[in-house]
Amino acid sequence: MTRTSAPGGALTLSWCLVMALMMGARLAAAEGAAMRFDLPAQPLEISLSVFGRITGHSVLVASSLTAGREAAAVHGDFTPREALQRMLAGTGLAARYTGSDALTLVPVPAAEAEPSGGGNAAKAGGAASETARAEARFAAVLQASITRVLCIVQPDAFGRYRLGIQLWIDPVGDVSDARLLQGSGLAPRDAAVLASLRAMALDVPPPPGMAQPVTILLTPRADPARDCRRYRAAGAG
C-alpha cells in the first residue's frame, strides 16, 4: 500500500494517541497526587505532549482541533486534572476523561461559550462532543489491543522502549497498514512490532469518518510486567 507525505516531506499526523508513561507517574496520577509542572505558554500540541510524559495520561486529540491554539502557562504543584484545566484556559477546549488516566479534548459547548447563541450552534457543539467521545472510546480499545498484542509477542521487551508508529485502520477494525516514525534503536524489534500490528484486528471498528492515520507514541511503562500479566497468561494458553 502506498502512502504519501505532506508537501515538503512533512508527514501529516491527523491524530495523536500519546501513551507516554514515565516510571512512577501513572500511580501518582491515578491517586490524584500533586505533581510539579513548569510549562510556559506555548503551542497546545507541545504542552499536551509534555503533560502526557509527566503524568502518564493517555491523550487522544485531533491536530485539526489543536492547530493554532496556545496553551496557558502552568507553574506550580497541581494534580493532573488541575494542571490540565489551567493549561486549557482560554483555548475553547475542555478535557473529557474516558478513564482515570485517559482523555480526549472537545470543544466547549456553544451554550457555555456563548449563552445567547442560537440553537444551531448548540447542536453543532453537541455533535462535535459526541464525535470526540466516540473517538476517545475507540482510542481506549486501540490502546488495550496494542498492549495485548505486544505483551504476547514481546513478553520481555514490551514497555521498555520508545517507539513511534502510524496505523491505518479499515472500516471493519483491521489494521491495513503500519509505518515506523521513530525507531526503538533495534531494527529487528521494530520490524517485529510492525508485523504484529499489521496483523492486528480490533474488537470494534473505528468511528465513521475518523481522520487517519493514527499516530502512536510508546514509551517505557511504570510496571510493564503488571501490564502484561493477564495477556501473558492468555498467550501461554
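Q: What phi does G56 take just after α2?
A: The model is predicted: local features need pLDDT of at least 70, side-chain atom pairs count only at pLDDT 80 or more, and totals for chains, interfaces and linings use all residues. Residues are numbered from 1 along each chain as its sequence is written, and side-chain values use heavy atoms, with hydrogens and water left out. Helices (DSSP runs of H or I, at least four residues) and strands (runs of E, at least two) are numbered from the N terminus. Directly after α2, the phi of G56 is positive, at about 85°.

Q: How far does helix α2 reach from its first C-alpha to its last?
A: Helix α2 spans residues 44-55, which is 12 residues. The expected span of a helix is 1.5 Å times one less than its number of residues. For α2 the expected value is 16 Å, and the helix comes close to it, with a reach of 16 Å.

Q: Which residues of α2 are buried?
A: Buried means under 20% relative accessible area, exposed over 50%, and partly exposed in between (1.4 Å probe, protein chains only). In α2 the residues that count as buried are L44, S47, L48, V50, F51, G52 and T55.

Q: How many helices and strands are there in the chain?
A: The chain has 237 residues, of which 44% count as buried. Contact means heavy atoms within 4.5 Å. Of the contacts with a separation of 6 or more, 70% are between residues 24 or more positions apart. By element, the chain has eight helices and 11 strands.

Q: Which element gives the largest share of the largest nonpolar core?
A: A nonpolar core is a set of buried Ala, Val, Leu, Ile, Met, Phe, Trp, Tyr and Cys residues joined through side-chain atoms within 4.5 Å. The largest has 26 residues, and L142, I146, L150, L167, L197, M200 and I216 touch the most other members. Two or more residues come from each of α6 (119-153), β9 (163-169), β10 (175-182), α7 (187-198), β11 (214-218) and α8 (224-236). The largest share, six residues, is given by α6.

Q: Which residues does L197 contact, leaving aside neighbours within four places in sequence?
A: L197 is among the residues of the largest nonpolar core that touch the most other members. With neighbours within four places in sequence set aside, its contacts are I146, L150, I165, L167 and V175.

Q: Is Q154 buried or exposed?
A: Q154 sits in the loop between α6 and β9. Beyond residues up to four places away in sequence, Q154 touches Y161, R189, A192 and V193. Because its relative accessible area is 8%, Q154 is buried.

Q: What angle about the S-S bond does the link of C151 and C228 have?
A: A disulfide is a pair of cysteine sulfur atoms within 2.5 Å, and C151 and C228 form one, with S to S at 1.9 Å. The pair links distant parts of the chain, C151 in helix α6 and C228 in helix α8, 77 residues apart. C151 is buried at 0% relative accessible area, and C228 is buried at 1%. The link is left-handed, with an angle of -70°.

Q: What distance separates the C-alpha atoms of D227 and G159?
A: D227 lies in helix α8, and D227 counts as buried because its relative accessibility is 13%. D227 and G159 are 68 residues apart along the chain, and their C-alpha atoms are separated by 8.6 Å.
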